[in-house]
Each structure stands twice: as structure tokens, then as C-alpha cells.
Amino acid sequence: MMKAVSIESGEASKAIGHGVNRGLSVFDLVLRIVAIVGTLAGAVAMGTTEQTLPFATQLVQFSAQYDDFDSFKLFVIVNAIVCVYLVLSLPFSIFHIVRSRAGKSRILLIFLDAIMLVLLTSGASAAAAIVYLAHTGNTSANWFSVCQQYTDFCQRSAGSLIGSFGAMVCLVLLIIFSAVAISRR
């Protein structure tokens with residue numbers, strides 16, 4: 001025999017809100033993992049970028065390495081910092097899945113995520129400016145495109161930006177979804 005159970009409308013909306021917050025917390029964890037992969041891939045790809053042009057003589061060699069450019073060094077350092085932060089924030093994300101009503105730790109994560117977003121944006125933008133200059137040059141300053149000679153170097157450095165910009169999108173989404181979860185409390 002089935003019993004009829006009446007649920008007050010306030011209790012039903014709390015149960016639905018709790019499920020939505022838990023879903024947002026799971027999505028938060030997934031976004032953090034994707035951002036970790038993006039920043040790590042960007043840092044490793046840029047940090048291992050180098051090319052030496054082949055010449056007939058061994059006495060004269062031209063090479064390009066990521067550490068020849070300060071913007072690329074900044075890019076690697078910033079991506080590493082953000083990657084470490086994201087790894088250290090994983091326990092908080094797991095905590096939010098277990099206790100979806102936690103508010104103070106979400107506020108802390110929003111604040112720290114915003115700082116990391118600014119850091120990552122600055123590093124990726126500086127590197128993107130150098131990659132653009134390497135691809136197109138600047139005729140008014142008599143800077144020629146170096147990507148005609150260093151094709152592998154340019155392709156790899158441009159490719160490393162993809163992971164970083166992907167992680168930036170993830171951080172923006174993390175901030176938005178954390179704010180939504182806080183507002184639903």
C-alpha cells in the first residue's frame with residue numbers, strides 16, 4: 001500500500017536548489033580539470049619550443065628558443081602558477097560537491113579565480129602579441145616576419161596559446177557558475 005506524502009512548496013524548491021548547486025559544483029570540478037590541462041599543456045608546449053636553422057657550416061647557427069623572449073618566459077611562469085593554483089583548488093571544488101551550501105569558500109574561490117584570470121590574461125596576451133609580431137612583422141619599424149624562417153618555432157608557440165586561452169574561458173565560466181551557486185543559497 002502506498003502512502004501519500006505531501007511536500008510543502010518551500011521544501012521542494014530547497015531540494016531542487018540543492019540539486020542544482022550540486023550540479024554546478026560537479027561542473028566546477030570538470031572546468032577546473034580542463035583548465036589544469038590547458039595551462040599545463042600551454043606551459044609545456046611553450047617551455048619546450050626551440051628551433052635551430054640548418055646551415056652548411058657548424059660555426060654559424062641561428063636558433064630560436066622560448067627564453068629568448070621575455071613575454072614567452074612570462075607566459076610559461078604565469079601558466080605554471082595558474083596550473084598549481086587550480087590543482088590546489090581541487091579539494092575546495094570536491095568539498096562543494098559534498099556540501100553544496102558552503103558559501104564562504106565559494107566567495108574565496110571567486111576572488112582567487114578572478115586574480116588567476118587576470119594573471120593568465122596578461123601572460124597570454126603578452127605572448128600573443130609577440131606571436132602576432134613574429135608572424136606578420138612590422139614594416140614601419142623594419143621588423144621582418146621571423147616565421148618564414150622559423151616555421152616550427154612559430155607554429156608551436158602559437159599552438160601553446162590555445163590551451164591558455166581555453167583555460168581563460170574556463171576561469172570565466174568558473175566565476176559565473178560560482179556566483180550563480182552563491183546567489184541560489
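**Figure 1. Asp-70 and its salt-bridge partner Lys-73 in helix α2 of the predicted model.** In this predicted model, Asp-70 has a relative accessibility of 58% and therefore counts as exposed, the cut-off for that class being over 50%. The side chain of Asp-70 meets that of Lys-73 in a salt bridge, with an N to O distance of 3.5 Å. Lys-73, for its part, is partly exposed, with a relative accessible area of 33%. Because the two residues are three places apart in helix α2, about one helical turn separates Asp-70 from Lys-73. The pair belongs to a set of three salt bridges that a search of the whole structure finds.

**Figure 2. The salt bridge between Asp-28 and Arg-32 within helix α1.** The side chains of Asp-28 and Arg-32 meet at 3.0 Å, N to O, and both residues lie in helix α1, where four residues, or about one turn of the helix, separate them. Asp-28 has a relative accessible area of 4% and is therefore buried, since that class takes in values under 20%. Arg-32 is likewise buried, with a relative accessible area of 0%.

**Figure 3. Arg-32 and Asp-113, a salt bridge from helix α1 to helix α3.** Here the side chain of Arg-32 meets that of Asp-113 in a salt bridge of 2.9 Å, N to O. The two partners come from distant parts of the chain, with Arg-32 in helix α1, Asp-113 in helix α3, and their positions 81 residues apart. Arg-32 and Asp-113 are both buried. Together with Asp-28, this pair makes up a linked network of salt bridges, in which Asp-28, Arg-32 and Asp-113 take part.

**Figure 4. A nonpolar surface patch that includes Phe-27.** Val-26, Phe-27, Val-30 and Val-34 form this patch on the surface, and their accessible area together comes to about 300 Å². Phe-27 is part of helix α1, which covers residues 9-47, and its relative accessibility of 36% is why Phe-27 counts as partly exposed. For the protein chain overall, about 11,000 Å² is exposed, and carbon and sulfur atoms supply 69% of that area.

**Figure 5. The surroundings of Ser-105 in helix α3.** Ser-105 is placed in helix α3, which covers residues 104-136, and because its relative accessibility is 15%, Ser-105 counts as buried. When neighbours within four places in sequence are left aside, the residues in contact with Ser-105 are Phe-92, Phe-95 and His-96. For the protein chain overall, buried residues make up 37% of the 185 residues.

**Figure 6. Ala-102 in the loop between α2 and α3, viewed together with Ala-181.** Ala-102 lies in the loop that joins α2 (70-98) to α3, and at 14% relative accessibility this loop residue counts as buried. Although Ala-102 and Ala-181 are 79 residues apart in sequence, their C-alpha atoms are 9.4 Å apart in space. As context for this pair, among contacts in the protein chain between residues at least 6 apart in sequence, 78% join residues at least 24 apart.

**Figure 7. Two of the spans listed as transmembrane region, residues 74-95 and 161-182.** An unreviewed UniProt entry lists residues 29-47, 74-95, 107-134 and 161-182 under "transmembrane region". In the model, residues 74-95 are 100% helix and 0% strand, and the C-alpha atoms at the ends of this span are 32 Å apart. Residues 161-182 are also 100% helix and 0% strand, with 32 Å between the end C-alpha atoms. The protein chain has four helices and two strands, and from the N terminus on its elements follow the order α-β-β-α-α-α.

**Figure 8. Residues 9-13, a stretch with pLDDT below 50.** The protein chain has a mean pLDDT of 83, and 85% of its residues reach 70 or more. Over residues 9-13, by contrast, the pLDDT is below 50, and beyond near neighbours in sequence this stretch has one contact in the model. Where pLDDT is low, predicted coordinates should not be read in detail.

Methods:
Residues are numbered from 1 along each chain as its sequence is written. This is a predicted model: local features need pLDDT of at least 70, side-chain atom pairs count only at pLDDT 80 or more; totals for chains, interfaces and linings use all residues. Side-chain values use heavy atoms; hydrogens and water are left out. UniProt positions are given in the numbering used here, feature names are shortened, and annotations may be inferred rather than shown by experiment. Buried means under 20% relative accessible area, exposed over 50%, partly exposed in between (1.4 Å probe, protein chains only). Contact means heavy atoms within 4.5 Å. Accessible areas come from the Shrake-Rupley method with a 1.4 Å probe; for residues, only the protein chains shown count as cover. Patches are made of residues with over 30% relative accessible area and no salt bridge: like charges are joined within 9 Å, nonpolar side chains (Val, Leu, Ile, Met, Phe, Trp, Tyr) within 5 Å. A salt bridge is a side-chain nitrogen of Lys or Arg within 4 Å of a carboxyl oxygen of Asp or Glu. pLDDT is the predictor's confidence in each residue, from 0 to 100.
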